[in-house]
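Open the model in your viewer and keep the selection tool at hand. The stops below go from one selection to the next.

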Amino acid sequence: HYITSPSPDLTERLGAIGIDTKKIGLVPNAVEADFSGDVTDEAVGKLKSTLDIPTDHTVVLAVGRMVYVKGFNYLLEAFARVIGEIPDVTLVLAGGGMLLNEMKELAGRLGIGDRVRIPGAVMRDEVPVYFKMADIFVTPSIRHESGAVDGLPVVVPEAMAAGLPVIGSDLSGIPVLVRDGSNGALVKERDVKGLAEAMKMLIRNPAKRRAYGERSKQIIKNSVNYGNIAGYLSTLYREIAQNRTPAEDITPFEID
């Protein structure tokens, strides 16, 4: 009767295989509104010590599976440009996957191994601590030659709920939540220079980081949280149960 999609890109792809796009509604991936809210300063300090991150460093974070579509190799290349100008910053690239060793080797070849922390897979209960530790979140997703691409990575609303500014690629579902100049920065996929410039801009401007991060939190608090999504889906189910056409009768999910 109805289909929900986390990104306009996926809606278009469904249409291309014959699905009636009038039956598809945009419902972004959501998180708990208070995600990372109970993480203590002690836990953050312990993680920084474990990862050997200087206490005065700005922390740039990326989290995800080590696979091609995440675009982490472009992030490492961009970060090499950043530390050429800004000395007191550390990149944490967290997650497991088939490209883990390749990313470590690339950091070494770029000469930034001492400024990048690649801890591998992170346990689920540790994830909020990583977000609380960070100052900036980056999701440099790319589209694979096969057409495969992330829809809307769950780490994006998680980072926003944690009050982080987000730098992301301007493709698929990322622009649904990341608004350029409002709560983060959007760059073209594979744009190493663009990623570097966005990181340098936010590293050098703590006030803008705070403003973007607060806007991120408000979007999650006001709209993209489990409670609101559940309410929307409950209404959707009731409409279908009463044999009404959801696409005509239900207001599309709104992101405020």
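**Helix H3 and its two partners**

Helix H3 passes helix H8 in a right-handed crossing. This is a predicted model, and the tour starts with this helix pair. Select residues 192-203 for H8, together with H3; the two pack at an angle of about 55°, and their axes are 8 Å apart. That angle makes H3 oblique to H8.

Now show side chains at the contact. From H3, pick Tyr-74, Leu-75, Glu-77, Ala-78, Phe-79, Arg-81 and Val-82. On the H8 side the contact is made by Val-192, Lys-193, Leu-195, Ala-196, Met-199, Lys-200 and Ile-203. Coloured by class, this contact shows 10 nonpolar and four charged residues, with no polar ones.

Keep H3 (residues 72-82) and add helix H4, residues 100-109. The axes of H3 and H4 come within 10 Å and cross at roughly 20°. With an angle under 35 degrees counting as roughly parallel, H3 and H4 are therefore roughly parallel to each other. The crossing of H3 over H4 is right-handed. The residues to display are Phe-72, Asn-73 and Leu-76 on H3, and Met-103, Leu-106 and Ala-107 on H4. Five residues of this contact are nonpolar and one is polar, and none is charged.

**Helix H8 by itself**

Hide H3 and H4 and look at H8 alone. How far apart are the end C-alpha atoms of H8? They are 16 Å apart, which agrees with the 16 Å that its 12 residues should span at 1.5 Å a residue.

Bring the rest of the chain back as a surface. H8 is mostly covered, with nine of its 12 residues buried. Select the buried ones: Val-192, Gly-194, Leu-195, Ala-196, Ala-198, Met-199, Lys-200, Leu-202 and Ile-203. Lys-200 is in this buried set and also takes part in the contact with H3.

**Two residues with positive phi**

Next, select Arg-190, in the loop between strand S8 (184-187) and H8. Arg-190 is not a glycine, yet its phi is positive, about 65°. Is Arg-190 buried, partly exposed or exposed? Its relative accessibility is 30%, so Arg-190 counts as partly exposed.

Then go to Ser-172, in the loop between strand S7 (166-169) and helix H7 (174-177). Ser-172 is also not a glycine and has a positive phi of about 55°. Its relative accessible area is 12%, which puts Ser-172 among the buried residues.

**Thr-139 on strand S6**

Select residues 136-139, strand S6, where Thr-139 is placed. Thr-139 has 5% relative accessibility and so counts as buried. Beyond residues up to four places away in sequence, Thr-139 touches Pro-153, Val-156, Val-166, Ile-167, Gly-168, Ser-169 and Ile-174.

**Pro-6, close to the start of the numbering**

Move to Pro-6, in the loop between strand S1 (3-5) and helix H1 (8-16). Pro-6 is buried, because its relative accessibility is 17% and the cut-off for buried is under 20%. Draw a C-alpha to C-alpha distance from Pro-6 to Asn-29: the two are 6.1 Å apart in space and 23 residues apart in sequence. Asn-29 is also one of the residues that Pro-6 touches. With residues up to four places away left out, the other contacts of Pro-6 are Leu-26, Val-27, Pro-28, Leu-152, Gly-173 and Val-176.

**Lys-70, ahead of H3**

Return towards H3 and select Lys-70, in the loop between strand S3 (58-63) and H3. Is Lys-70 buried or exposed? Lys-70 is buried, with a relative accessible area of 11%. Apart from neighbours within four places in sequence, the contacts of Lys-70 are Arg-65, Pro-140, Ser-141 and Asp-150.

**Last stop: Val-127**

Finish with Val-127, in helix H5, residues 127-133. At 7% relative accessibility, Val-127 counts as buried. Which residues does Val-127 contact, leaving aside its neighbours within four places in sequence? Show Phe-35, Val-122 and Glu-158. For a last distance, join the C-alpha atoms of Val-127 and Ala-94: they are separated by 9.3 Å, and the two residues are 33 residues apart along the chain.

Note on methods
Residues numbered from 1 in each chain as written. Predicted model: local features only at pLDDT ≥ 70, side-chain atom pairs only at ≥ 80, totals over all residues. Heavy atoms only, no water. Axes fitted to C-alpha atoms, helices over the stretch in contact; angles between N-to-C directions. Helix = DSSP H or I, 4+ residues; strand = E, 2+ residues; numbered from the N terminus. Parallel < 35°, antiparallel > 145°, perpendicular 65-115°, else oblique. Left-handed = near helix turned anticlockwise from the far one by under 90°. Contact = heavy atoms within 4.5 Å. Nonpolar A, V, L, I, M, F, W, Y, C, P; charged D, E, K, R; others polar. Expected span 1.5 Å × (residues − 1). Buried < 20%, exposed > 50% of the residue type's maximum accessible area, 1.4 Å probe, protein only.
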